[in-house]
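Trainee: Could we walk through this structure together, one question at a time?
Mentor: Happily; have a look at it and we will start.

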Amino acid sequence: MNRGAQAGVLLLLGAALGYAGLTDLYLRYVKAGLQPLLLVAGGVLIVAAVATIWFERRRPRAAGEGAEQEHREHEHHEHEHREPRIAWLLVLPLLALIFVAPPPPGSYAAMRDGTALQQPWDLSALPADDPVPLGLVDYAGRAAYDHGRSLGDRRITTSGFISLDESGAPYLVRMVLNCCAADARPVKVGLTGRIPPILQPDTWYEITGVHTDRQAADPINNGVIPYIDVMEARPVPAPDDQYDSAS
């Protein structure tokens, strides 16, 4: 590719990153806190593309017959050794970034990976709301490592998608990220109490319930899986950001 084509690819990539960062599309790839960096990266690529085009147009032209002849020979040589047009297939990943965004990992991935639950660093007092809205990872950390002391008998509302193990036992799951979707791992909460008779994997539910001392060991990595005693369960639409913000 010549410099103009290279600048065009840079411009397309910068525009794709900017589009993803200005919409909810970026949430399919990275955690929400990385949005500013994504926008900055897109802006830098666009500036680089514009600068490349500007400098290319300001390049002084050769003068004189000798220079003109040398230029023609250079063009002939460049024509003979020009990169094949198949190189433009490099643009396809840019189009896929916009039009073929991958779905977040679901129940299939969740039940084939061990829980990523870690000991929480913040166990501040819960707000006075009844029920208390709480992220699934926050609830799981308090239930598993604080043994529910900070939860007491408060009613908790949390949400996630349904996963079923080989025996058909249901879990409420949220995927957590360290950086991007490629390293997404599940945090699982077992369900007991008034569980709906039919639960479909990957269906999102809002659960209202209370803490229970029941726990289990994840068979994959022996991690702690706490439970919640369900009082009410209702299906809800999947949120725009399907990864837990507590990660």
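**A guided look at the fold**

Trainee: Where does Thr115 lie?
Mentor: Keep in mind that this is a predicted model, in which local features need pLDDT of at least 70, side-chain atom pairs count only at pLDDT 80 or more, and totals for chains, interfaces and linings use all residues. Residues are numbered from 1 along each chain as its sequence is written, and side-chain values use heavy atoms, with hydrogens and water left out. Helices (H or I, at least four residues) and strands (E, at least two) are DSSP runs numbered from the N terminus. On that basis, Thr115 sits in the loop between helix H5 (107-110) and strand E1 (132-133).

Trainee: Is Thr115 buried or exposed?
Mentor: Buried means under 20% relative accessible area, exposed over 50%, and partly exposed in between, with a 1.4 Å probe and protein chains only. Because its relative accessibility is 5%, Thr115 counts as buried.

Trainee: Which backbone nitrogen lies 3.3 Å from a polar atom of the Thr115 side chain?
Mentor: Contact means heavy atoms within 4.5 Å, and leaving aside neighbours within four places in sequence, Thr115 has contacts that include Arg185, Asp218 and Val224. The 3.3 Å pair instead links the Thr115 side chain to the backbone nitrogen of Leu117.

Trainee: How many helices and strands does the protein chain have, and in what pattern?
Mentor: The count for the protein chain is 6 helices and 6 strands. Read along the sequence, they follow α-α-α-α-α-β-α-β-β-β-β-β.

Trainee: Which element supplies the largest share of the largest nonpolar core?
Mentor: A nonpolar core is a set of buried Ala, Val, Leu, Ile, Met, Phe, Trp, Tyr and Cys residues joined through side-chain atoms within 4.5 Å. The largest one has 24 residues, and Tyr139, Leu151, Ile156, Leu172, Val187 and Ile228 touch the most other members. Helix H6 (136-145), strand E2 (156-164), E3, E4, strand E5 (204-217) and strand E6 (224-235) each supply at least two residues of this core. The largest share, 6 residues, comes from H6.

Trainee: How many residues are in the second, separate core?
Mentor: Among its members are Met111, Phe161, Trp204 and Ile225. The number of residues in this second core is 13.

Trainee: Why does Ala49 count as buried?
Mentor: Ala49 has its place in helix H2. Leaving aside neighbours within four places in sequence, Ala49 is in contact with Ala7, Leu10 and Leu11. Its C-alpha is 7.9 Å from that of Gln6, 43 residues apart in sequence. Ala49 counts as buried because its relative accessibility is 1%.

Trainee: Where is Asp183 found?
Mentor: Asp183 counts as partly exposed because its relative accessibility is 25%. Not counting residues up to four places away in sequence, Asp183 touches Val176, Leu177 and Asn178. The C-alpha atoms of Asp183 and Val30, 153 residues apart along the chain, are separated by 9.7 Å. Asp183 is in the loop between strand E3 (170-176) and strand E4 (185-193).

Trainee: What percentage of the protein chain counts as buried?
Mentor: Among contacts between residues at least 6 apart in sequence, 70% join residues at least 24 apart. Of the 247 residues of the protein chain, the share that counts as buried is 34%.

Terms used. Polar contact = N/O pair within 3.5 Å; in protein donor to acceptor, adjacent residues only side chain to side chain.
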